[in-house]
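Here are my notes for you, one point at a time. Please keep the model open beside them as you read.

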Amino acid sequence: MTNRWSRTLLLPAAAILAVCLTPTGAGEETPLEGYSAANSRTEREWEGKFRALPDSKILRANMERLSARPHNVGTAYDKDNAEWILGRFKEWGWDAHIENFDVLYPTPKRRVVELIAPSRFAAKLEEPDVAADPTSSQKKEQLPTYHIYSADGDVTAPLVYVNYGGVEDYEELERLGISVKGAIVIVRYGRNWRGIKPKLASDHGAVGCLIYSDPRDDGYFQDNVFPNGPMRPADGVQRGSVEDFPSSFPGDPLYFDRGDPSAPRYTAANAPGITKIPVLPISYGDAQPLLAALGGPMAPSDWRGALPIPYHVGPGPAQVHLVVQSDWGLKTLYNVIARIPGASEPDEWVVRGNHHDAWVNGADDPISGQSALLEEARAMGELLKQGWRPKRTILYCAWDGEEPGLLGSTAWGEAHGKELQQHAVAYFNSDNTSRGLLLMSGSHVLEHFLNGVAREVEDPETKLSVQERRRLSLIGNAHTPAERAEIRSRSDVRLQALGSGSDYTVFIDRLGVASSDLRFGGETQGGVYHSIYDDFYWYTHFSDTEFVYGRALAQTIGTVVMRLADADLLPFDFAGLADAVRAYTKECEDLLKKEQEDTRERNLELREGVFRATNDPRRPVRPPKEQEAVPYLNFAPLDNAVDALAHSAEHYRRAVIRASAGSLLGSAEALRPINAELRASEQHLLDAAGLPHRPWYRHMIYAPGLYTGYGVKTLPGVREGIEQRQWQEAEGEIARLGSLLTADAAYIESIARQIEQASGSQ
Ligand SMILES: [Zn+2]
C-alpha cells in the first residue's frame, strides 16, 4: 500500500478518537479512552479533585526551601534536600526511601587560564555576587566554574577560534587552511551539546579547549543582563558535564551498566566518557581579551559574536596557558524513591521523576520541575486521605546526580533494569520549567494519550487549553505550507522525539520503557543556566514569577500519571508511532537525495573551476574536496515495514474502538495479559546489539546524536550512517530496522487479535 492510502485511512479514526476525548456536555460524557463508562466517571471525579489541589504558594515555598543553598552532588545541602523530600513524601502517606550509589565525581583543585603572549592577562574564573541577589554571596559553598569529567592537564599553546566547534566548523577551518593540531581552541557555547566541543577538538588534534558564552547567544545581544534583566552578565559562567555519553554511555563513567555484573568496568584513567584534553568554561568577560589577541584571517561572518572586537580565527599570536586539575574522588548519590502501591494491579508501575541536584542553587534547573513533582505528590497524598486508591503502583523519584551525566537515574534504572522491563508502564520526566507552551516529547505510543490530557489543562495566562495553544503556535511557527497542512490535518500535536539531556535517557534508550518529557517554555529568556545566578531571586523576577505554569505542569503530569495508573486498558496507540516512523523514513530518504545532489553539484563546480574563479587571491581559501558519488540505497525493507506498521496500528485502533463499545473494559482478568503485552511494546523497538559503535543505546527509533549530543537523531543507525557517508553501514541499518519494524508490526497485530478475541468472548 502507498503512503497516501494509509494516511486517508488513519485520519477518520483520529477524528473519532478526538471526539471521544471531548466532554459532550453535562452528564453525557464519552468515557475516557481505555476506561469503562463507570470507571471513567469515577476517574474524572478524582482527576477534577486532583487538579484543584496544586497551589502556587506551595510551589514557591518548595523552590525557596530547595534552592536556599548550593546543592550539587556531595554537598551537605544535597543530602539535606533529599532527606527533606523523603520527609514530605512520608508525611503525605507515601512509602518512601533513599537509594544510594557511590559515583566518580571529580571536583576542581586547580584551574588556570592565562594569556601569556602577545600580552598578559589572567582569567578571573569567578562569578561575583550581586547585591540584590541574596544567595549569590554563598561563596564558600559554590562549586567553582568547571566542566566535570574534563581530563587533567597543563598545556601552553597558540589559540584558535573555532566558532561552535561543530563538524561543519572544522570543515570551514580546513578551507581557511587552519589546523588546530597542537593548539588550544576557544569555542562558543550553543548549536551542539557542550561535550561535543572538546571531543571534536581533540579528534582534530587540539591539546586544550575553552568554552565561553558569547553575548550574541547568551548575554546583552538578547536582553538586559542580570540583575537588570534575565541574561548572562559578563562574568557569568556555564558549568556543565562534558562526559562523552553520546558515543559511549551516560551515568557514572566507571560503569557501562550497573545492572549487568559482566558489563565492562572502568577506572578514571581509562573511562571512555572522560575527555582526552583539558577543558574549562569561561565567561565572555574572560574570553574577550583572549579573542581580541587573535590574529590570522577574519572569522567568517556567521562566526562573529557580539563582543566589540574584530573576530579573528588565529592561530596565535595569542598563546594561552591552561591548567585543569581535579580531585578524582567518589561521592554518594541520594535518590529518593516514593511509592503508592497499586490497589488491584500492584505489579504494573507508572514511574515519574525529576532531579533534585543542581550545579549551584539551581532554582530553575532543576527545582522548578522538582517543585511541581512535589505538588503532584502532595495532591495525590490528599486524594489518598479521601479514599482514592490507584489501580496500578505509582513511583515518584527525585533523582540525584543528573547534572554530571544522569548519574542517579541511570544507576537506578540499570540496577532495577529487569524489574522495570517487567513492570514499568511508562516513565514521565520533567526538569527545568518556565512560562509559555507545553513542550511534549516522548515515545509516540503515548502521543494520543498525552494530547488527550493536555486538552483538559488550562493555560494559566491565555485560558486556552495547553494542547490547543501548542497546536496553534506550531501552525504560527511553521516554515512551509506543507508543514502547516500537516499540523492542521492531525488533531494531535506530534510529540518531539527524545534525544538526551535529562533523566528519561536510561528508561527509553536502554530499557525500552515508553517515556515522555513534559515542561513549559518558550516565553522566558534565560541567561543564568548552570551559573550562581540561577536562583530563587532570578526565578521570582524573570521566569514563572507567579508559579502558575508550575501549577499547570503539576496538573498536567499528575493527571497523566493518574489516568495511566487507573486505566482499564492501557491507552497506548500505535498510529502516532507509525506516522512518526513514516515521517522519519521520508526524512532519511530526502537526506540521501540531498547528499547525492550536493555532491554532484560540488564535484561539477570543482571541475568547472567555480572555486578558483570566486576565490579572492589576496584572501584565498581552499576549495572543498572532491567526494565520491553518493550511491542509491535500497529503502524498500524500511518502506515495506512502515506500511505494515501503519496497517497494524490501524487494525489495533479498530479493535480498541470495537472493544470499548462492548464489555471488555469491565473485565480486569481479560485485560491483564493484554496490558502486559502493551507494556512490553516499546521494548520491541530495542535491538539487544545496540546502535553501531555504541551498544549501550538499544532503541532503534530514537537516540541522542553522536555529534549533536542532546539533540535527537531519529532512526539513528540509518540517519547517522548517511550523514557520515558510511553507505554500507546505512544500508545494513535500513535492513535491520526494516526487520525490527516488521516484527513490531506483527506484534501489534497479535495484540489487536487478542483484543478482538477477548471482546468476542465477553
Ligand atoms: Zn536539569
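1. Asp431 is buried, at a relative accessible area of 2%; buried means under 20% relative accessible area, exposed over 50%, and partly exposed in between (1.4 Å probe, protein chains only). The zinc ion takes its protein donors from His355 (NE2), Asp365 (OD) and Asp431, the last listed with two OD entries, at 1.9 to 2.6 Å. Donors here are N, O and S atoms within 2.8 Å of the metal (3.2 Å for Na, K and Ca), and water is not among the atoms, so sites may look incomplete. Asp365 is buried too, with a relative accessible area of 5%.

2. A word on provenance before going further. This is a predicted model, where local features need pLDDT of at least 70 and side-chain atom pairs count only at pLDDT 80 or more, while totals for chains, interfaces and linings use all residues. Residues are numbered from 1 along each chain as its sequence is written, and side-chain values use heavy atoms, with hydrogens and water left out.

3. What geometry does the site of the zinc ion have? It is irregular, with angles of 53 to 145° among the four donor atoms. Four donors count as tetrahedral if all angles lie between 85 and 135 degrees; four count as square planar and six as octahedral if opposite donors are over 155 degrees apart and all others between 65 and 115; anything else is irregular. In sequence, the donor residues follow the spacing H-x9-D-x65-D. Asp365 sits in helix 9 (residues 363–385) and Asp431 in the loop between strand 14 (424–429) and strand 15 (436–442), so that this pair, 66 residues apart, links distant parts of the chain. Helices (H or I, at least four residues) and strands (E, at least two) are DSSP runs, numbered from the N terminus.

4. Helix 9 also holds Glu375, which counts as buried at 0% relative accessibility. Leaving aside neighbours within four places in sequence, Glu375 is in contact (heavy atoms within 4.5 Å) with Leu53, Pro54, Asp55, Ile58, Leu59, Asn62 and Ala554. The C-alpha atoms of Glu375 and Arg551 are separated by 8.0 Å, though these residues are 176 apart along the chain.

5. Why is helix 10 (residues 407–415) described as largely enclosed by the rest of the structure? Because eight of its nine residues are buried. Among them are Trp412 and Glu414. The cover over the buried residues of helix 10 includes strand 1 (95–104), strand 11 (330–340), strand 13 (392–399), helix 11 (417–423) and helix 15.

6. Helix 15 (residues 505–511) deserves a look for Asp509. Asp509 is buried yet has no salt bridge, and the nearest side chain of opposite charge, Arg694, is 7.4 Å away. For charge, Lys and Arg count as positive and Asp and Glu as negative; His and the chain ends are not counted. A salt bridge is a side-chain nitrogen of Lys or Arg within 4 Å of a carboxyl oxygen of Asp or Glu. Beyond four places in sequence, Asp509 touches residues including Trp696, Tyr697, Arg698 and His699.

7. Arg510, also in helix 15, does form a salt bridge, with Asp257 (2.9 Å, N to O). Asp257 lies in the loop between strand 8 (240–241) and strand 9 (279–282), 253 residues apart from Arg510. Both Arg510 and Asp257 are buried.

8. The whole structure has 52 salt bridges. One of them joins Glu456 to Arg51, with the closest N and O atoms 3.7 Å apart; the two residues are 405 apart in the chain. Arg51 counts as buried at 18% relative accessibility. Arg44, Glu47, Arg51, Glu456 and Arg563 are linked in a salt-bridge network.

9. Lastly, the aromatics: there are 26 aromatic pairs. Rings of Phe, Tyr and Trp (its six-membered ring) pair if their centres lie within 6.5 Å; planes under 30 degrees apart count as stacked, over 60 as edge-to-face and the rest as tilted. Phe89 and Trp92 are edge-to-face, at 6.1 Å centre to centre and 75° between the planes, and both are buried. Tyr539 and Phe547 form a tilted pair (5.7 Å, 40°). Both belong to an aromatic cluster with Phe226, Tyr533, Tyr537, Trp538 and Phe542.
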